[in-house]
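Me: I would like to go through this model with you one question at a time, and to hear the reasoning behind each answer before the answer itself.

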Amino acid sequence: MSNFGESAPPRIDPRQLQDFLAVVEHGSITAAAANQFTGTSSVSQSIARLERRIGGRLFNRGRAGATLTARGRNLIDPAREALAALDRLVVEREFLLSAVPHLSVATTASLADDPTAVLLGALRSEVPNLRITISVPPGSSVAMRFTRSWPAPLTWQ
């Protein structure tokens, strides 16, 4: 935690770890950049930011390419693990969102005086992850059509 007025150190960007591992795999910044279809300066800057964040050099750069320092060798497994964990988070999030139950209700009555609102409220408290969409069907006597989805905000159509 930083003190008031001090900025927190920048976080490690997953792209920096990807660039680091690409240099490890391909042996040079130039080869890593070509493999990732990006510029050499982009990869070089990414590695430099990672080195500043880590607090030391990860590679010794020379004409023969980039050779790992001890610090760089120690970062390989944690970098791979961190990127794998991020991939798992994305997959799990997509699964969780697809697994959320959804209920669509069409009603011509105003929810202000409709018992449907009370029933849906009770159902929502019993099934907290339930997404509820309430809409006025086309052709109804209500002048404006609306959709309400919980937990999303009210939207008018």
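**From the aromatic pair outwards**

Reply: In this predicted model, F20 counts as buried, because its relative accessibility is 0%.

Me: Which ring pairs with the ring of F20, and is that pair stacked, edge-to-face or tilted?

Reply: The structure holds one aromatic pair. Its ring centres, those of F20 and F59, are 5.5 Å apart, and since planes under 30 degrees apart would count as stacked and planes over 60 degrees apart as edge-to-face, the angle of 45 degrees makes the pairing of F20 with F59 tilted.

Me: How many residues apart in sequence are the parts that this pair ties together, and is F59 buried or exposed?

Reply: F59 has a relative accessibility of 1%, and buried means under 20%, so F59 counts as buried. Because F20 belongs to helix α1 whereas F59 belongs to strand β1, the pair ties together parts whose separation in sequence is 39 residues.

Me: What distance separates the end C-alpha atoms of helix α1, and what span should its residues give?

Reply: Helix α1 covers residues 14-26, which makes 13 residues, and at 1.5 Å a residue these should span 18 Å. The computed separation of the end C-alpha atoms agrees with that expectation, being 18 Å.

Me: Which residue caps the N-terminal end of α1, and which residue follows the helix?

Reply: At the N-terminal end of α1, a side-chain oxygen lies 2.7 Å from the backbone nitrogen of R15, and the capping residue that supplies this oxygen is D13. After α1 comes a residue with a positive phi, near 85 degrees, and that residue is G27.

Me: Which residue forms a salt bridge with R15, and is that partner buried or exposed?

Reply: The side chains of R15 and D19 meet in a salt bridge, at 3.4 Å from N to O, and as the two are four residues apart in helix α1, about one helical turn separates them. R15, with a relative accessible area of 36%, is partly exposed. The partner, D19, has a relative accessibility of 2% and therefore counts as buried.

Me: Which residues does E51 meet in salt bridges, and which residues make up the network that results?

Reply: E51 forms one salt bridge with R57, where the closest N and O atoms are 3.8 Å apart, and its side chain meets that of R61 in another, at 3.3 Å from N to O. The pair of E51 and R61 links distant parts of the chain, for E51 lies in helix α3 (residues 40-54) and R61 in strand β1, 10 residues apart. Salt bridges that share partners thus join into one network E51, R57 and R61.

Me: Of E51, R57 and R61, which counts as buried?

Reply: R57 has a relative accessibility of 46% and so counts as partly exposed, and R61, at 35%, also counts as partly exposed. The relative accessibility of E51 is 8%, and the residue that counts as buried is therefore E51.

Me: How many bridges join β1 to β2, and which residue is the bridge partner of R61?

Reply: Strand β1 (residues 59-62) and strand β2 (residues 65-68) run antiparallel, and the number of bridges joining them is four. The two strands form a hairpin, with two residues between them. Within β2, the bridge partner of R61 is A66.

Technical notes. Residues numbered from 1 in each chain as written. Predicted model: local features only at pLDDT ≥ 70, side-chain atom pairs only at ≥ 80, totals over all residues. Heavy atoms only, no water. Expected span 1.5 Å × (residues − 1). Polar contact = N/O pair within 3.5 Å; in protein donor to acceptor, adjacent residues only side chain to side chain. Pairing = 2+ DSSP bridges. Salt bridge = Lys/Arg side-chain N within 4 Å of Asp/Glu carboxyl O. Buried < 20%, exposed > 50% of the residue type's maximum accessible area, 1.4 Å probe, protein only. Phe/Tyr/Trp six-rings, centres within 6.5 Å; stacked < 30°, edge-to-face > 60°.
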